[in-house]
Amino acid sequence: MWWKDAVVYQIYPRSFQDSNGDGIGDLRGIAQRLDYLTWLGVDAFWLSPIYPSPLADFGYDVSDYTAIDPVFGTMDDFDELVRSAHARGLKVLLDLVPSHTSIEHPWFREHPEWYIWSPVDGPPNNWRSAFGGSAWSRDAVSGRWYLHTFYPEQPDLDWRNPEVVAAMQHVVRFWLDRGIDGFRVDALTGIVKDAELRDDPPATGEFPLPYGAEFGEVEHVYSSNRPEAMQAVAALREAAGDALLVGEVYLGTAEYSRWLEYLDLVFAFELLFSPWQEESLRAAIEPAKALGRVAWVMSNHDFDRLASRVGDENVRAAAELLLTLPGAAFIYQGDEIGLPNGPGHEPPYDRAGRDRFRHPLQWDASPTGGFTTGEPWLPPMDPQERNVEAQQADPDSLLNFYRRLILSRPRG
């Protein structure tokens, strides 16, 4: 249970460190910066997806679960990163995306029975996509309608098929055999759907986390959060053994207990979305604290950066809150130097508008912030004013404040 009081640092690989001048962060770049993570005092790092992907959802549309996207490097680069991390006492977590694949994954054509299809010529129910519109699209090749909880390029796997279970268990074992220490498991809430494909009822308006407008029109009792999902999570646990499984369970805290029968941790999303007000923060923290096995988190690659959400005047208080709560804490890269949301890119790379949360980490005051010798995929924001090098040298900086908080934490 190394993770019990661990601090885990989330790395968004495209934006951490570029080693070859192509403007995109990569595995060798991460390896070059491991000493920074040990200086900061974190126990582990989580890599957002590094698998081959057409980037319809920027890596969460996986086209090969057991390979490295060439933009990030090679499998040898990955193996060396794991070895180097372990030599420094750092654990390594990967992102696991078990509920859907890319439509370009070979499975979609070679094993169509592994996916969820409409029994009629058209959408069989009122299920909504998280990104808007119907959760059903027509396959241009077969003419059949398939389910996608997210983008149409992300067809949902049918976890009621034992072959899907076996295939994903193989993925888990593949990476554990390469030495990783666990997984952050993506989008678990929707891993299993209602076998009868029944309509979701109208929303009651009581869901405690933000939903997109159309997605929030219905209460997701058949398209998501099914009791049968526990069988899928149990299968992941069987494959993972004692490795860490931390779940993205996009539900209110009151729903977490049954997921924790098989997961080690779940993210405390009510804290991430809480307004910066004492009463709201307390209401978010107390029930999660009582569970004893939540991963405290206050920002990530999908939502507003911490500095933009709470304001520059509150970033130290937010850091102190995050890093003194009992249990595991996750830090998103750049929060430790106070990076705010950026302008993003025009036209957007990410259709959901999340580019602005993913600007490169600023290592020094050079024009590209030390991130790359080339043209960065997203521009740095203010490296002359905010960078790691300067803040490391300043004992009163936000970065050194984070470091002191991390080093003062109890270790299991």
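I will start with one residue, His148, which counts as buried because its relative accessibility is 1%. Buried here means under 20% relative accessible area, exposed means over 50%, and partly exposed is in between, with a 1.4 Å probe and protein chains only.

Before going on, a word on the source. This is a predicted model, in which local features need pLDDT of at least 70 and side-chain atom pairs count only at pLDDT 80 or more, while totals for chains, interfaces and linings use all residues. Residues are numbered from 1 along each chain as its sequence is written, and side-chain values use heavy atoms, with hydrogens and water left out.

Back to His148. It is found in the loop between β5 (145-147) and α5 (162-177). Helices (H or I, at least four residues) and strands (E, at least two) are DSSP runs, numbered from the N terminus. Not counting residues up to four places away in sequence, His148 touches Ser129, Ser134, Ala135, Trp136, Ser137, Gln154, Pro155 and Asp156. Contact means heavy atoms within 4.5 Å.

Which side chain makes a polar contact with the side chain of His148? That of Ser137, at 2.8 Å. A polar contact is a pair of N or O atoms within 3.5 Å; within protein, one must be able to donate a hydrogen and the other to accept it, and residues adjacent in sequence count only if both atoms are side-chain atoms. Ser137 lies in strand β4, residues 136-138. At 15% relative accessibility, Ser137 is buried. Its contacts, leaving aside neighbours within four places in sequence, are Arg144, Trp145, Tyr146, His148 and Pro152.

Now the whole chain. The protein chain has 13 helices and 10 strands. Its radius of gyration is 21 Å, which agrees with the value near 22 Å for a compact globule of 412 residues. That radius is taken over C-alpha atoms, and the globule rule is 2.2 Å times the number of residues to the power 0.38. Along the principal axes, the C-alpha atoms fill a box of roughly 65 × 45 × 40 Å. Of the 412 residues, 60% count as buried. Among contacts between residues at least 6 apart in sequence, 69% join residues at least 24 apart.

On the surface, the protein chain exposes about 15900 Å², and carbon and sulfur atoms supply 50% of it. These areas come from the Shrake-Rupley method with a 1.4 Å probe; for residues, only the protein chains shown count as cover. As for charge, there are 35 positive and 63 negative side chains, and the centres of the two sets lie 4 Å apart. Lys and Arg count as positive and Asp and Glu as negative, while His and the chain ends are not counted. The place of a charge is NZ of Lys, CZ of Arg, CG of Asp or CD of Glu.

Next, the C-terminal part. How many of the 10 residues of helix α13 are buried? Seven of them, so this helix, residues 398-407, is mostly covered. The buried ones are Leu398, Leu399, Asn400, Phe401, Tyr402, Leu405 and Ile406. They pack against several elements, among them β1 (7-11), α2 (34-40), α11 (315-324) and β10 (328-332).

In the segment after α13 lies Arg409. Arg409 is buried, at 7% relative accessibility. Its contacts beyond four places in sequence include Asp5, Ala6, Val7, Leu322, Leu323 and Gly327. A polar atom of the Arg409 side chain is 3.0 Å from the backbone oxygen of Asp5. Arg409 and Leu323 are 86 residues apart in sequence, yet 7.6 Å apart in space, C-alpha to C-alpha.

Last, some backbone details. The peptide bond from Glu346 to Pro347 is cis, with omega near -5 degrees. Pro347 sits in the loop between β10 and α12. Leu55 has a positive phi, near 70 degrees, in a residue other than glycine. Leu55 is in the loop between β2 (44-47) and α3 (75-87). Leu197 is not a glycine either, and its phi is about 55 degrees. Leu197 belongs to the loop between β6 (182-185) and α6 (229-240).

Are these two leucines buried or exposed? Leu55 is partly exposed, with a relative accessible area of 29%, whereas Leu197 counts as buried at 13% relative accessibility.
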